[in-house]
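Welcome! Below is a structure to look at, followed by questions about how its labels are earned.

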Amino acid sequence: MNALNLGKNQGIKLKGCPFCGQEPVFTADRDVIDDFDHSYTISCFVCGISMGDEYKDGAIAAWNRRHEESPSEIERCIK
């Protein structure tokens with residue numbers, strides 16, 4: 001597979017790494033035999049985590065998805 005690094009994410013709006021906040025790197029892996037078979041990956045080289053999808057929009061949505069930052073059940077009961 002050839003990895004195509006999309007540089008400064010070419011205008012794609014990505015949130016920082018969910019663990020350390022660093023800027024992620026977006027890559028597209030292309031199968032040399034079939035130019036239409038792409039796998040998209042977003043990675044943080046500081047934490048070493050990555051997330052991917054068969055489709056570009058799917059990879060972006062997965063990376064940008066965050067757990068809702070709401071009070072826990074215990075915090076709600078204490079108030």
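A disulfide is a pair of cysteine sulfur atoms within 2.5 Å. The model shown here is predicted, so local features need pLDDT of at least 70 and side-chain atom pairs count only at pLDDT 80 or more, while totals for chains, interfaces and linings use all residues. Residues are numbered from 1 along each chain as its sequence is written, and side-chain values use heavy atoms, with hydrogens and water left out.

Q: Why is Cys-20 not bonded to the closest cysteine sulfur?
A: That sulfur belongs to Cys-47 and lies 3.5 Å from the sulfur of Cys-20, which is too far for a bond. Seen from the other side, Cys-47 is in no disulfide either, its nearest cysteine sulfur being that of Cys-20. A search of the whole structure finds zero disulfides.

Q: What makes Cys-20 count as buried, partly exposed or exposed?
A: Buried means under 20% relative accessible area, exposed means over 50%, and partly exposed is in between (1.4 Å probe, protein chains only). Cys-20 has 31% relative accessibility, so Cys-20 counts as partly exposed. Cys-47, at 36%, is therefore partly exposed too.

Q: How are the helices and strands of the chain arranged?
A: Helices (H or I, at least four residues) and strands (E, at least two) are DSSP runs, numbered from the N terminus. The chain has two helices and four strands, and from the N terminus on they run β-β-β-β-α-α.

Q: What makes Phe-26 and Tyr-40 an aromatic pair, and which kind is it?
A: Rings of Phe, Tyr and Trp (its six-membered ring) pair if their centres lie within 6.5 Å; planes under 30 degrees apart count as stacked, over 60 as edge-to-face and the rest as tilted. Here the centres are 6.0 Å apart and the planes meet at 25°, which makes the pair stacked. The structure holds one aromatic pair. Phe-26 lies in strand β2 and Tyr-40 in strand β3, so the pair ties together parts that are 14 residues apart in sequence.

Q: How do you know whether Phe-26 and Tyr-40 are buried or exposed?
A: Phe-26 has 0% relative accessibility, so Phe-26 counts as buried. Tyr-40 is buried because its relative accessible area is 15%.

Q: Which residues make up the largest nonpolar core?
A: A nonpolar core is a set of buried Ala, Val, Leu, Ile, Met, Phe, Trp, Tyr and Cys residues joined through side-chain atoms within 4.5 Å. The largest one has 11 residues: Ile-12, Leu-14, Cys-17, Phe-26, Ala-28, Tyr-40, Ile-42, Cys-44, Ala-59, Ile-60 and Trp-63. Elements giving two or more residues to this core are β2 (25-30), β3 (38-43) and α1 (56-64). The largest share, three residues, comes from α1.

Q: Why is Ala-28 called buried?
A: Its relative accessibility is 4%, so Ala-28 counts as buried. Ala-28 lies in strand β2.

Q: What does Thr-41 touch, and is Thr-41 buried or exposed?
A: Contact means heavy atoms within 4.5 Å. Leaving aside neighbours within four places in sequence, Thr-41 is in contact with Val-25, Phe-26, Thr-27, Asp-29, Ser-50, Met-51 and Gly-52. Thr-41 lies in strand β3, and its 16% relative accessibility makes Thr-41 count as buried.

Q: How much of the chain is buried?
A: Of its 79 residues, 27% count as buried.
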